[in-house]
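Hi,

Here is the structure I promised to pass on. Have a look at it first, and then read on for what turned up.

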Amino acid sequence: MPESPTFAQPDQNALLLPFAGSRREIAEYEANGGYSALQTALGMTSEQLVDEMIASNLRGRGGAGFPAGRKASFLAAGLDRYLVINGDESEPGTFKDREIMLRNPHMLIEGIIIYLWMIRGAGAYIYIRGEYAKEASILEGAIAQARAKGYIGSPLPGTDYVANVYVHRGAGAYICGEETALLASLNGERGQPTAKPPFPAVSGAFKKPTLLNNVETVATVPVIIGMGGAAYAGVGTEQSTGTKMFSLSGHVRNPGNYEMPLSATYRDLIEGKGGGMPEGRTLKAFVPGGSSMPILMPNQLDTGLAFEAVVAAGSMAGSGAVIVVDDRTCMVRFALRTAEFYMHESCGKCTPCREGTRWLTELLRKQEAGLGTLAEIDLLLEICNRVEGNCLCVLGDACAMPVRSHINNFRAEFEEHCRLGRCPCPDDAPMTELYPPLLKAPLPMVHAG
Ligand SMILES: Cc1cc2nc3c(=O)[nH]c(=O)nc-3n(C[C@H](O)[C@H](O)[C@H](O)COP(=O)(O)O)c2cc1C
C-alpha cells in the first residue's frame with residue numbers, strides 16, 4: 001500500500017521528534033541516535049526517571065493534557081504492573097499517532113522500553129485502532145527487530161530485567177480510546193467505560209496497576225531522557241512544554257501533520273505551515289483540538305497552541321487536530337455531521353449520552369433540512385447543558401460542546417435555516433473535505449413539521 005502523500009515534510013529547525021523520512025528500520029534509527037536514551041535510562045533508577053519526566057513538565061498528548069511525570073509517579077516500580085499505550089486514535093481529524101507508528105515506530109518502542117524499565121512492568125500492550133492494519137504490522141515488524149537486537153525478550157544490558165511488548169488490535173470503536181473502555185476491551189470485556197475510581201494506576205490491564213499513556217506521549221520519552229527534562233521544559237511555554245504534533249485538515253492548502261513548539265500560534269500553523277485558505281476563500285472558523293472541542297473564530301487565530309492559551313480562548317487543545325473551515329461551509333450541517341459521529345459512537349451505557357447524542361442529532365437533522373423551529377435552537381442548547389458533565393465518560397460532552405459553540409457563534413445561520421425552510425448554503429459546500437460521510441441511512445426519529 002503506498003504511503004499517503006498528504007503528510008508534510010517536517011521543519012527540521014523546530015523538531016524534537018525526528019519524523020523526517022522513514023526511520024522504520026532499526027539500523028537507520030540507531031544510526032540517528034536511536035536507543036541511546038535507553039542506554040542512559042538503564043543507568044538511572046526508577047525514581048530518577050520519574051523525576052526527569054516531572055522536570056520535563058510534559059503534558060499527556062492524548063487529549064486531557066495530564067502531566068505525564070505525575071501520572072508516572074502514581075506507580076512505584078514493582079511486580080505485576082503493566083504499561084498500556086493508547087493508539088486508538090479515532091477522533092475525527094486526528095491522525096498524528098498514525099504517523100508516529102507508520103514512520104518512526106522505534107521511537108515509540110524505545111519510549112515503551114524506558115517506561116517499562118521505570119515501572120519494572122510485566123509487559124506493555126499497544127492498543128491500536130482496528131483500522132490501522134498497516135501500522136499494526138509495522139509495529140510488529142519493529143518489535144521483531146528490537147527483539148533481534150536484544151532490547152525486547154531478553155535481559156536488558158547490565159540488568160536482569162526483560163521487557164515484553166505486544167500489539168493488541170481494537171475492533172474499530174471510538175469509545176475504546178477512553179482509558180477505562182480501552183482497558184475493559186483489553187481485558188476481554190465489553191468495551192465500555194467504567195466509573196473512576198478505581199483509576200488505571202490501581203486497577204487496569206488484568207486488573208493490575210497500569211500506566212496508560214498516548215502514543216505521542218510515550219514516543220516523546222526518549223527525547224526527554226536524551227536531552228534531560230529541564231532542557232525539554234525550556235521549549236514551548238511554562239505550562240505547555242516541548243513540541244507537539246498537530247494534524248491539520250479541512251479547507252487548507254497544505255494539510256498534514258506538523259510538529260510545532262507549543263509557544264507557536266494557530267496562525268503559525270494554519271497560515272505558516274498550512275499555507276492558509278484555498279484560493280479565493282476566507283476563514284469561517286476552526287476546530288482547535290479535535291471534533292469534540294468548541295470551535296474558535298477567525299479573530300482568535302493568534303491564540304497560542306499551548307493548553308492554557310486554548311482554554312483562555314474558550315476551547316481546549318485536545319488531541320491537536322486542527323480542522324479549518326472556509327466561508328462556503330454550512331455550520332448547521334457541520335454541527336450535524338459532528339453530532340452524528342458521536343451518536344454513532346456512543347456506547348449506550350449511560351442515558352444522558354445515549355439519549356442526548358441521538359436527540360441532538362435528530363434536532364440538527366431537522367434544522368439542517370429547514371424543518372426546525374427557533375424554539376428548537378434553544379432546546380438544542382438545553383440538551384447540551386443536560387448532557388455535559390452528566391455522563392459516565394466525556395463522550396457525551398464531546399458531542400455537546402461543539403454543538404453549543406456552533407449555535408453560540410453562528411446562531412443567525414441556524415435561524416436563517418428556520419426562516420427560509422431550507423439550507424441557505426450552496427449545495428456544493430464541501431462537507432466531505434471536513435469529514436467523510438458517516439451515516440448513510442436516515443434517522444427514523446426525524447419528523448417533519
Ligand atoms: C471518548 C474518548 C475517546 C478517547 N480517545 C483517545 C484516543 O484515541 N487516544 C488517546 O490517547 N486518548 C484518548 N482519550 C483519552 C484517554 O482516556 C486518556 O486520557 C489518554 O489516553 C491518556 O494518555 P495521556 O495521559 O498520555 O494523554 C479518549 C477519551 C475519551 C473520553
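Which residue follows α12, and is its phi positive or negative? It's Gly275, and its phi is positive, near 75 degrees. Before going further: this is a predicted model, so treat everything below as computed from a prediction.

Staying with α12, which spans residues 266-273, the buried residues there are Tyr266, Leu269, Ile270 and Lys273. They sit on the same side of α12, because they cover an arc of only 115 degrees around the axis. What they pack against is a set of strands: β5 (243-250), β6 (256-261), β7 (283-287) and β8 (321-326).

Phe286 is a good place to see this from the other direction. Skipping its neighbours within four places in sequence, Phe286 is in contact with Tyr266 and Ile270, and also with Ile295, Leu296, Val322, Ile323, Val324 and Val325. In the largest nonpolar core, which has 125 residues, Phe286 is one of those that touch the most other members, along with Ile112 and Val322. The biggest contribution to this core is from helix α6 (residues 105-119), which gives eleven residues.

Now the ligand. There are 23 residues around it, and Gly60, Gly62, Gly177, Asn214 and Thr217 come nearest. Split by class, the shell has eight nonpolar, nine polar and six charged residues. Strand β4 (residues 210-214) supplies the largest share, three residues. Domain 1 (17-233) and domain 3 (331-434) each put at least three residues into the shell.

Shout if you'd like to go through any of this together.

Cheers

Notes: Residues are numbered from 1 along each chain as its sequence is written. This is a predicted model: local features need pLDDT of at least 70, side-chain atom pairs count only at pLDDT 80 or more; totals for chains, interfaces and linings use all residues. A residue is near a molecule or strand if its C-beta atom, placed from the backbone, lies within 6 Å of it. Helices (H or I, at least four residues) and strands (E, at least two) are DSSP runs, numbered from the N terminus. Ala, Val, Leu, Ile, Met, Phe, Trp, Tyr, Cys and Pro count as nonpolar, Asp, Glu, Lys and Arg as charged, and the others, Gly among them, as polar. Domain bounds come from an automatic or database domain assignment. A nonpolar core is a set of buried Ala, Val, Leu, Ile, Met, Phe, Trp, Tyr and Cys residues joined through C-beta atoms within 7 Å. A residue is buried if 20 or more other C-beta atoms lie within 10 Å of its own, exposed if 12 or fewer, and partly exposed in between; C-beta atoms are placed from the backbone. Two residues are in contact if their C-beta atoms, placed from the backbone, lie within 7 Å. The arc is that of the directions from the helix axis to the C-beta atoms.
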